[in-house]
Amino acid sequence: MAIAVRTISTPARNVIHTGAVGYTVTSTTAGDLLIACLAYFQAEGAVVTGITGGGTWAKATGQNLDANSHQEIWYAPNVTGSVTSITITTNDDGTPVVLM
């Protein structure tokens, strides 16, 4: 089995996004696995509520680093072919989301 690693987006640092944010990804092949690593400053109780694009996304893990920052890893196995964007949604307008 061959594993190809691709960067799905250049990190957008110090950018405040509101609610749902789209990211461009390298076109997928049917059956690919997409992984999104997210880091953000969380407002009180802010979390990623979902990711869409290519298939069903699930949260693998998440942790608070301190009172103001949070990290999460999400994945979508067996995505459809030709996916070129994903959308990350948070429950709090103004929560900075960084895709790494």
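Start with the whole chain in cartoon view: the protein chain has zero helices and seven strands. Here helices (H or I, at least four residues) and strands (E, at least two) are DSSP runs, numbered from the N terminus. Going along the sequence, you'll meet the pattern β-β-β-β-β-β-β. A word on ground rules: this is a predicted model, where local features need pLDDT of at least 70 and side-chain atom pairs count only at pLDDT 80 or more, while totals for chains, interfaces and linings use all residues. Residues are numbered from 1 along each chain as its sequence is written, and side-chain values use heavy atoms, with hydrogens and water left out.

Switch on the surface for a moment. The protein chain exposes about 5,800 Å², with carbon and sulfur atoms supplying 53% of it; areas come from the Shrake-Rupley method with a 1.4 Å probe, and for residues only the protein chains shown count as cover. Of the 100 residues in the protein chain, 38% are buried. Buried means under 20% relative accessible area, exposed over 50%, and partly exposed in between (1.4 Å probe, protein chains only).

**Stop 1: the three-strand sheet**

Hide the surface and select β1 (residues 20-24), β3 (residues 48-52) and β6 (residues 85-90). They form an open sheet of three strands in the order β1-β6-β3, with antiparallel pairing. β1 and β3 stand at the edges, each with a single partner strand, so one side of each is left without a neighbour in the sheet. From one strand to the next the twist averages 20°, using axes that are lines fitted to C-alpha atoms (for helices over the stretch in contact) and angles from 0 to 180 degrees between N-to-C directions.

Strands pair if DSSP finds at least two bridges between them. β1 and β6 have five bridges, while β3 and β6 have four. To see the register, pick Tyr23, which stands opposite Ile86 in β6. On the β3 side, Val48 has Thr90 as its bridge partner, and Gly50 has Thr89.

Now show side chains on β6. In a regular strand the side chains alternate between the two faces of the sheet. On β6, Ile86, Ile88 and Thr90 point to one face and are buried, while Ser85, Thr87 and Thr89 point to the other and are not. β1 has two faces as well: Val21 and Tyr23 are on the covered one, with Ala20, Gly22 and Thr24 on the uncovered one.

**Stop 2: Ala20**

Zoom in on Ala20, in strand β1. Is Ala20 buried or partly exposed? Ala20 is partly exposed, at 49% relative accessible area. The bridge partner of Ala20 in β6 is Thr89; the two are 69 residues apart in sequence but 4.1 Å apart in space, C-alpha to C-alpha. Leaving aside neighbours within four places in sequence, Ala20 is in contact (heavy atoms within 4.5 Å) with Thr87, Ile88 and Thr89.

**Stop 3: the nonpolar core**

Next, select Val48, Ile51, Trp57, Trp74 and Ile86, which touch the most other members of the largest nonpolar core, a set of 16 residues. Such a core is a set of buried Ala, Val, Leu, Ile, Met, Phe, Trp, Tyr and Cys residues joined through side-chain atoms within 4.5 Å. The elements giving two or more residues to this core are β1, β2 (34-41), β3, β5 and β6. β2 supplies the largest share, four residues.

**Stop 4: Glu72**

Go to strand β5 (residues 69-76) and click on Glu72. Glu72 is buried, at 2% relative accessible area. Which side chain makes a polar contact with that of Glu72? It's Trp74, at 2.7 Å. A polar contact is a pair of N or O atoms within 3.5 Å; within protein, one must be able to donate a hydrogen and the other to accept it, and residues adjacent in sequence count only if both atoms are side-chain atoms. Not counting residues up to four places away in sequence, Glu72 touches a list of residues including Tyr40, Val48, Lys59 and Thr61.

**Stop 5: Val79**

Finally, select Val79 in the loop between β5 and β6. Val79 counts as buried, at 1% relative accessibility. Add Ala30 to the selection: the pair is 49 residues apart in sequence and 5.7 Å apart in space, C-alpha to C-alpha. Beyond four places in sequence, residues that Val79 touches include Thr28, Asp32, Leu34 and Gly54.

Zoom back out to finish. Among contacts in the protein chain between residues at least 6 apart in sequence, 75% join residues at least 24 apart.
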